[in-house]
Amino acid sequence: MFWQLILLVIKAIQSVLIPICFGCAWLLVALFIWNIWIGARNTFASARQMHQIPCSNCVFFTNDHRLKCTVHPQIANSESAIGCRDYQHSINSSC
């Protein structure tokens, strides 16, 4: 008796339930694509900012993991090094 009542209710709301499920499925697909788009946009923005770090083309950059910069070792190769006042372009840089 209980299952017959449930089947009757499902048949009654089936005409509304199918479009709602269809819409929810496409909403999930749209949210998935939106999250991928936001993630890619944030990744490119972060990469763009990291490419502004001038340390690898500086005269004071040693390219040694123990002492990366002889003038400012605490900020070498970090976002804090963008706009460094002691930056001097290296003649031997590849860029």
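This is a short tour of the side-chain contacts in the structure, stop by stop. Keep in mind that you're looking at a predicted model.

**Stop 1: the aromatic pairs**

Start with the rings. A pair of aromatic rings is described by the distance of the centres and the angle of the planes. There are two such pairs in the structure. Select phenylalanine 2 and tryptophan 3 for one of them: the ring centres sit 5.7 Å apart and the planes make an angle of 70°, so this pair is edge-to-face. The cut-off behind that label is an angle over 60 degrees.

Now turn on the surface. Are these two rings buried or exposed? Phenylalanine 2 is exposed, at 54% relative accessible area, and tryptophan 3 is exposed too, at 64%.

Next, select phenylalanine 22 and tryptophan 26. These two also make an edge-to-face pair, with 6.4 Å from centre to centre and 70° between the planes. Show the cartoon while you're here: both residues belong to helix 1, which covers residues 2-50. Phenylalanine 22 and tryptophan 26 are four residues apart in that helix, so about one helical turn separates them. Both of them are exposed.

**Stop 2: the salt bridge**

Side chains of opposite charge can pair when their charged atoms come close. How many salt bridges does a search of the whole structure find? Just one. To see it, select arginine 66 and aspartate 64, whose side chains meet with 3.3 Å from N to O.

Colour these two by accessibility and you get two classes. Arginine 66 has 67% relative accessibility and counts as exposed. Aspartate 64, at 25%, counts as partly exposed.

**Stop 3: the cysteines**

Last, show the sulfur atoms. How many disulfides turn up in a search of the whole structure? Zero.

Click on cysteine 55, which is in no disulfide. The nearest cysteine sulfur to it belongs to cysteine 69, 6.2 Å away. A disulfide needs the two sulfur atoms within 2.5 Å, so that spacing doesn't qualify. Cysteine 55 itself is buried, with 11% relative accessibility.

Move on to cysteine 69, which is likewise in no disulfide. Its nearest cysteine sulfur is that of cysteine 58, at 5.8 Å. Cysteine 69 is buried as well, at 9% relative accessible area. The buried label applies because 9% falls under the 20% cut-off.

How values were computed
Residues are numbered from 1 along each chain as its sequence is written. This is a predicted model: local features need pLDDT of at least 70, side-chain atom pairs count only at pLDDT 80 or more; totals for chains, interfaces and linings use all residues. Side-chain values use heavy atoms; hydrogens and water are left out. Rings of Phe, Tyr and Trp (its six-membered ring) pair if their centres lie within 6.5 Å; planes under 30 degrees apart count as stacked, over 60 as edge-to-face and the rest as tilted. Buried means under 20% relative accessible area, exposed over 50%, partly exposed in between (1.4 Å probe, protein chains only). Helices (H or I, at least four residues) and strands (E, at least two) are DSSP runs, numbered from the N terminus. A salt bridge is a side-chain nitrogen of Lys or Arg within 4 Å of a carboxyl oxygen of Asp or Glu.
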